[in-house]
Amino acid sequence: MRVQSLSAEAVAAMRIVDLSTVTEEPDGPVESFAFHDCTTGVASFVGRPPWELHTAGDELPYILSGECELTVLEPSGRVTRTLRGGDLVVVPQGCWHNNDAAKAVRMLYITPTDGNDHSWDEPDT
């Protein structure tokens, strides 16, 4: 059994990583772990990580606190939405997407372990 507190107090105490100061993917405040065919963890950051693509399944981010602007390049076009604490979103398999946290965001994510791609440049679709 694995137990991790995601209480408001525990989330508020999580260190925020400024992505503009890192050169490789930082460790999260909760050690990531496998869940079925996915990797689960918590990201706590300010700034913009690389664009992501998951070809093996959908991604499920749940915003614990703060906010970010999620952009998904869907087949019908670019969709951008502000996500805030309490929001849960399904990012469809095969859609490039990006989270931009101008202030700070802490999120729980469930991401397919296989079939992932990343790009600092906005992908052509």
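# A tour from the whole chain to Asn98 and Gln93

Begin with the entire protein chain: for 125 residues a compact globule would have a radius of gyration near 14 Å, and the chain agrees, with 14 Å (taken over C-alpha atoms; the globule rule is 2.2 Å times the number of residues to the power 0.38). The model is predicted, so local features need pLDDT of at least 70 and side-chain atom pairs count only at pLDDT 80 or more, while totals for chains, interfaces and linings use all residues. Residues are numbered from 1 along each chain as its sequence is written, and side-chain values use heavy atoms, with hydrogens and water left out.

**Whole chain.** Display the C-alpha trace, which spans about 40 × 30 × 30 Å along its principal axes. In cartoon view, one helix and eight strands appear, in the order α-β-β-β-β-β-β-β-β along the sequence; these are DSSP runs numbered from the N terminus (helices H or I, at least four residues; strands E, at least two). Of the 125 residues, 37% count as buried (under 20% relative accessible area; exposed is over 50%, partly exposed in between; 1.4 Å probe, protein chains only). Among contacts (heavy atoms within 4.5 Å) between residues at least 6 apart in sequence, 76% join residues at least 24 apart.

**Asn98.** Next, select Asn98, in strand β7 (residues 96-112). Asn98 is buried, with a relative accessible area of 5%. Show the residues that Asn98 touches, leaving aside those up to four places away in sequence: Arg48, Pro49, Pro50, Trp51, Glu69, Leu70 and Thr71. Two backbone oxygens deserve a distance label. That of Pro49 lies 2.7 Å from a polar atom of the Asn98 side chain, and the Asn98 side chain reaches that of Pro50 at 3.5 Å. A polar contact is a pair of N or O atoms within 3.5 Å; within protein, one must be able to donate a hydrogen and the other to accept it, and residues adjacent in sequence count only if both atoms are side-chain atoms.

**Gln93.** Then move to Gln93, in the loop between β6 (77-84) and β7. Gln93 is partly exposed, with a relative accessible area of 43%. Select His54, Thr55, Ala56, Gly57 and Asp58 as well, which Gln93 touches when residues up to four places away in sequence are not counted. The C-alpha atoms of Gln93 and Ala56 are separated by 6.7 Å, although the two residues are 37 apart along the chain. Finally, label the backbone oxygen of Thr55, 2.6 Å from a polar atom of the Gln93 side chain.
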